[in-house]
Structures are given as C-alpha cells and as structure tokens.
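Colleague: I've just opened this one and I'm new to it. Can you walk me through what's in there?

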Amino acid sequence: MLKVHIKEKRYGNQVVLEDVKLHITTPGIYGVMGKNGQGKTTMFKCMLGLEKYTGSSTLNDKIISMQDVGWCGAEPAVYDELTAGEFYKFYQHLIQQKVEGQQLLFDLPSDKLIKEFSTGMKKKVYLNAVLQKEYTMYILDEPFNGLDIESNYYLMKYLVHLSEHSIIFISSHIVDVLYKHCKAIYMIKDKGITLYSQEEFEKIEEAFFN
C-alpha cells in the first residue's frame with residue numbers, strides 16, 4: 001500500500017506542490033501527466049526522499065527507501081568511462097544485490113564503453129541496470145524518451161508483466177500509451193493533483209488544456 005501526502009513543497013518563496021495526496025492499495029500501472037514545470041519530477045523526488053518537503057511518503061507502512069523502488073529519471077546518470085557490463089555491476093552494488101546470469105531487457109554490447117553509445121542506448125543501459133531487480137514499486141519519469149518504437153514496445157510489455165505484483169508510476173506525454181495501460185492517471189496542475197479512473201479518461205484532455 002502506498003500513501004503519499006505532500007503538504008507543501010517549495011523552492012524559496014515559490015510553492016510548487018500543495019496538498020498532494022496519493023493512496024494506492026493495489027498493484028498496477030499508474031500514469032502521471034502534467035505540463036512541463038508543473039511538478040511531476042519534483043513529486044517523484046519528494047516521494048523518494050530526494051527532495052525536502054513537508055509531509056510523508058510510505059510504502060507498506062514504512063518510509064519509502066531507494067532500496068524498495070526502481071527509479072529511472074528523465075535524464076538518468078550513467079558513467080561514460082564504464083562499459084555497460086561494469087555499470088550493471090556498479091548498480092548492483094548500489095542496490096546491495098548481486099545478480100548472476102539474469103536476462104537483460106535490452107541486448108547491448110556489455111564490453112563497449114558507455115561514452116560510445118547513442119542517447120537511446122544510454123537510456124537502455126540505465127533501464128537494464130534498474131530492471132535487474134524486482135521491486136515493490138517503480139517510478140519511471142518519461143521512460144520512452146530517446147527509445148525507438150520497438151524498444152518502447154518491449155519496455156511497455158515488460159512493465160505490464162511487472163505490474164501484476166508491483167505499483168508502477170509512468171510519467172509521459174504519450175497519452176495513448178497511458179490510456180491503454182493505466183489503471184488510473186494522476187494529473188498535476190496548479191500545484192495540486194487530480195485522480196482520473198479509467199472511466200474518466202475522456203475528461204483528461206479537456207482538463208489538461210483548460
């Protein structure tokens with residue numbers, strides 16, 4: 001069970017989020033929408049404890065820990081001087097779990113330096129690293145950016161599989177993907193958040209643009 005209450009998040013004198021509440025009791029895929037600058041990434045970072053805020057975020061009645069969440073930011077940091085294989089092992093050290101012989105989602109040359117990869121390949125390296133371990137919850141901020149159509153397909157297919165047992169947040173501007181796969185969609189607008197069930201998805205575009 002996930003419970004989030006961001007009473008207030010501000011940068012200096014500017015309030016970014018106010019009275020933001022999320023309460024999720026069942027596994028599934030949950031979308032997050034909002035125009036640029038409305039606070040999607042900030043909300044995620046508050047939930048993960050990466051930003052200071054007034055409020056609380058708990059998962060199964062415990063304060064959320066990075067060890068319990070598969071987190072992929074919109075611009076994930078990879079170390080260019082490492083090979084893909086070295087980065088996977090480095091990430092295993094971060095999550096304090098050694099993984100042997102696990103099938104990676106994306107097929108990439110493990111002995112090639114990351115700095116030689118394209119932007120999309122770097123995104124795949126990071127996703128491969130995150131998805132080495134199964135988590136209670138995943139937070140993916142614009143995961144489809146930089147990926148080709150085929151890669152997006154396989155990523156989404158795998159996330160659907162994971163959602164049978166995990167809570168998965170996806171922020172994306174690709175609304176068709178969210179409409180097709182999400183149990184519900186949260187829209188962040190004017191510092192607050194609104195929940196839309198599947199039956200209410202047709203109301204989202206009007207609310208988004210108005």
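Modeller: Sure. One term before we start: when I say contact, I mean heavy atoms within 4.5 Å. Take Leu162: leaving aside neighbours within four places in sequence, Leu162 is in contact with Leu131, Glu134, Tyr138 and Ile168. Also, keep in mind that this is a predicted model.

Colleague: Okay, where is Leu162 placed? And is Leu162 buried or exposed?

Modeller: Leu162 belongs to helix α4. Its relative accessibility is 3%, so Leu162 counts as buried.

Colleague: How far apart are the C-alpha atoms of Leu162 and Ile29?

Modeller: Those two C-alpha atoms are separated by 9.1 Å, while along the chain the residues are 133 apart.

Colleague: Let's zoom out. How many helices and strands are there in the chain?

Modeller: You'll find 6 helices and 10 strands. The radius of gyration is 17 Å, close to the 17 Å that the globule rule gives for 210 residues, so the chain is as compact as a globular protein of that length. If you want dimensions, the C-alpha trace spans about 50 × 35 × 30 Å along its principal axes.

Colleague: And what percentage of the residues count as buried?

Modeller: 46% of the 210 residues do. As for the outside, the chain exposes about 11,300 Å², with carbon and sulfur atoms supplying 48% of that. On the contact side, take the ones with a separation of 6 or more: residues 24 or more positions apart account for 67% of them.

Colleague: Which residues have the most contacts inside the largest nonpolar core?

Modeller: Phe87, Tyr91, Val125, Leu155, Leu159 and Ile170, in a core of 38 residues. Several elements give two or more residues to this core, among them β3 (28-33), α2 (84-94), α4 (149-162) and β8. The largest share, 5 residues, comes from α3.

Colleague: You mentioned Val125. What is Val125 in contact with, leaving aside its neighbours within four places in sequence?

Modeller: Its partners are Ala84, Phe87, Tyr88, Leu108, Ile114 and Phe117. There's also a second, separate core of 27 residues, including Ile6, Leu17, Val20 and Ala184.

Colleague: Switching to rings: how many aromatic pairs does a search of the whole structure find?

Modeller: 14 aromatic pairs. One of them is Phe169 with Tyr186: the ring centres are 6.4 Å apart and the planes sit at 45°, so this pair is tilted. Phe169 is in strand β8 (residues 167-171) and Tyr186 in strand β9 (residues 184-189), so the pair ties together parts 17 residues apart in sequence. Both residues are buried.

Colleague: Got a stacked one too?

Modeller: Yes, Tyr179 and Phe201 form a stacked pair, 5.6 Å centre to centre with 25° between the planes. Tyr179 lies in helix α5 (residues 175-181) and Phe201 in the loop between β10 (192-197) and α6 (204-209), so this pair ties together parts that are 22 residues apart in sequence.

Colleague: Are these two buried or exposed?

Modeller: They split. Tyr179 has 22% relative accessibility and counts as partly exposed, whereas Phe201, at 9%, counts as buried.

Colleague: Which residues do ring pairs link into a cluster?

Modeller: Tyr30, Phe44, Trp71, Phe169 and Tyr186. Another ring to look at is Phe208: Lys35 lies over its face, at 5.8 Å from the ring centre.

Colleague: Phe44 is in α1, right? How many residues of α1 are buried?

Modeller: Right, Phe44 is one of the buried residues of α1. The helix covers residues 40-47 and is mostly covered, with 6 of its 8 residues buried. Besides Phe44, the buried set has Lys40, Thr42, Met43, Cys46 and Met47. Just after α1 comes Gly49, with a positive phi of about 80°.

Colleague: Which residues other than glycine have a positive phi?

Modeller: Asp190 is one, with phi near 55°, and Lys191 is another, at about 75°. Asp190 is in the loop between β9 and β10, and that loop holds Lys191 as well.

Colleague: And how exposed are they?

Modeller: Asp190 is exposed, with a relative accessible area of 62%. Lys191 has 38% and is partly exposed.

Notes:
Residues are numbered from 1 along each chain as its sequence is written. This is a predicted model: local features need pLDDT of at least 70, side-chain atom pairs count only at pLDDT 80 or more; totals for chains, interfaces and linings use all residues. Side-chain values use heavy atoms; hydrogens and water are left out. Rings of Phe, Tyr and Trp (its six-membered ring) pair if their centres lie within 6.5 Å; planes under 30 degrees apart count as stacked, over 60 as edge-to-face and the rest as tilted. Helices (H or I, at least four residues) and strands (E, at least two) are DSSP runs, numbered from the N terminus. Buried means under 20% relative accessible area, exposed over 50%, partly exposed in between (1.4 Å probe, protein chains only). A charge sits over a ring if NZ of Lys or CZ of Arg is within 6 Å of the ring centre and within 35 degrees of the ring normal. A nonpolar core is a set of buried Ala, Val, Leu, Ile, Met, Phe, Trp, Tyr and Cys residues joined through side-chain atoms within 4.5 Å. The radius of gyration is taken over C-alpha atoms; the globule rule is 2.2 Å times the number of residues to the power 0.38. Accessible areas come from the Shrake-Rupley method with a 1.4 Å probe; for residues, only the protein chains shown count as cover.
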